[in-house]
Amino acid sequence: MNFFKLFHNCPPNKQISMKEIQNKIEIDKRIIIIVQKKVYDITVFVDSNLHPGKNDCLIKKNGTDCTEDLKKFHSSKANDLLKFFYIGDLIDNKS
Ligand code: HEM
């Protein structure tokens, strides 16, 4: 376990493509969401069964942009929690 894996809220500025996200999901069996162009690996959160909104909605959203869901259902507490799962920034092909 390296330092950056312990403190996911301050990793190196890694750029992640949609292809890499798909590989993490399909090959590594991770659960990944995107919020405001930041990529989060929430597998540990799902495994812990701690989500007040239950696991189903997290699993359904695997690999997708959840920016609106975060705004719709959540307080700043959820956003603070999310920082621990941050793994990098989505490569924006449009810019
Ligand atoms: C992926 C899409 C997500 C959906 C659709 C979703 C949905 C929900 C729903 C329906 C609730 C219950 C709200 C209520 O009881 O009134 C909830 C609560 C909560 N969720 Fe999520 N959630 C999502 C992602 C996340 C993520 C990624 C985190 C944090 C890592 C998170 C953390 C929380 C927390 C802490 C609460 C309790 C309310 C609060 O303090 O904000 N959720 N969520």
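Analyst: A residue is buried if 20 or more other C-beta atoms, placed from the backbone, lie within 10 Å of its own, exposed if 12 or fewer do, and partly exposed in between. The model is predicted, with local features requiring pLDDT of at least 70 and side-chain atom pairs pLDDT 80 or more, while totals for chains, interfaces and linings use all residues. Residues are numbered from 1 along each chain as its sequence is written.

User: Is K54 buried or exposed?
Analyst: K54 is located in the loop that connects α3 (43-47) with α4 (55-60). Its phi is near 70 degrees, a positive value in a residue other than glycine. Around K54 there are 9 other C-beta atoms within 10 Å, and therefore K54 counts as exposed.

User: What percentage of the residues of the chain count as buried?
Analyst: The chain has 95 residues. By the neighbour count, the share of them that is buried comes to 15%.

User: In which order do the elements of the chain run?
Analyst: Helices (H or I, at least four residues) and strands (E, at least two) are DSSP runs, numbered from the N terminus. The chain contains 6 helices and 4 strands. Read from the N terminus on, their order is α-β-α-β-β-α-α-α-α-β.

User: Which strands stand at the edges of the sheet?
Analyst: Two strands pair if DSSP finds at least two bridges between them. The 4 strands form an open sheet with mixed pairing, in the order β1-β4-β3-β2. Each edge strand has a single partner, so one of its sides is left without a neighbour in the sheet; these strands are β1 (15-16) and β2 (32-35).

User: Which residue is the bridge partner of I33 in β3?
Analyst: Strands β2 and β3 run antiparallel and are joined by 4 bridges. In β3, the residue that partners I33 is Y40.

User: Which residue of β4 is the bridge partner of Y40?
Analyst: Strand β3 (residues 38-41) runs antiparallel to strand β4 (residues 86-90), and 3 bridges join the two. On the β4 side, Y40 is matched by Y86.

User: Which residue in the turn of the hairpin formed by β2 and β3 has a positive phi?
Analyst: The hairpin of β2 and β3 leaves 2 residues between the strands. A residue in the loop between β2 and β3 has a phi near 50 degrees, although it is not glycine. It has 12 C-beta neighbours inside 10 Å and therefore counts as exposed. The residue with the positive phi in this turn is Q36.

User: Does N62 count as exposed or partly exposed, and why?
Analyst: N62 is found in the loop between α4 and α5 (67-73). There are 17 C-beta neighbours inside 10 Å of N62, so this residue counts as partly exposed.

User: What distance separates the C-alpha atoms of N62 and I33?
Analyst: Along the chain, N62 and I33 are 29 residues apart. I33 is the residue whose bridge partner in β3 is Y40. In space, the C-alpha atoms of N62 and I33 are separated by 5.8 Å.

User: Which helix supplies the largest share of the shell around the ligand?
Analyst: Helices α4, α5 and α6 (76-82) each contribute at least two residues to the shell around the ligand. The largest share is 4 residues, and the helix that supplies it is α6.
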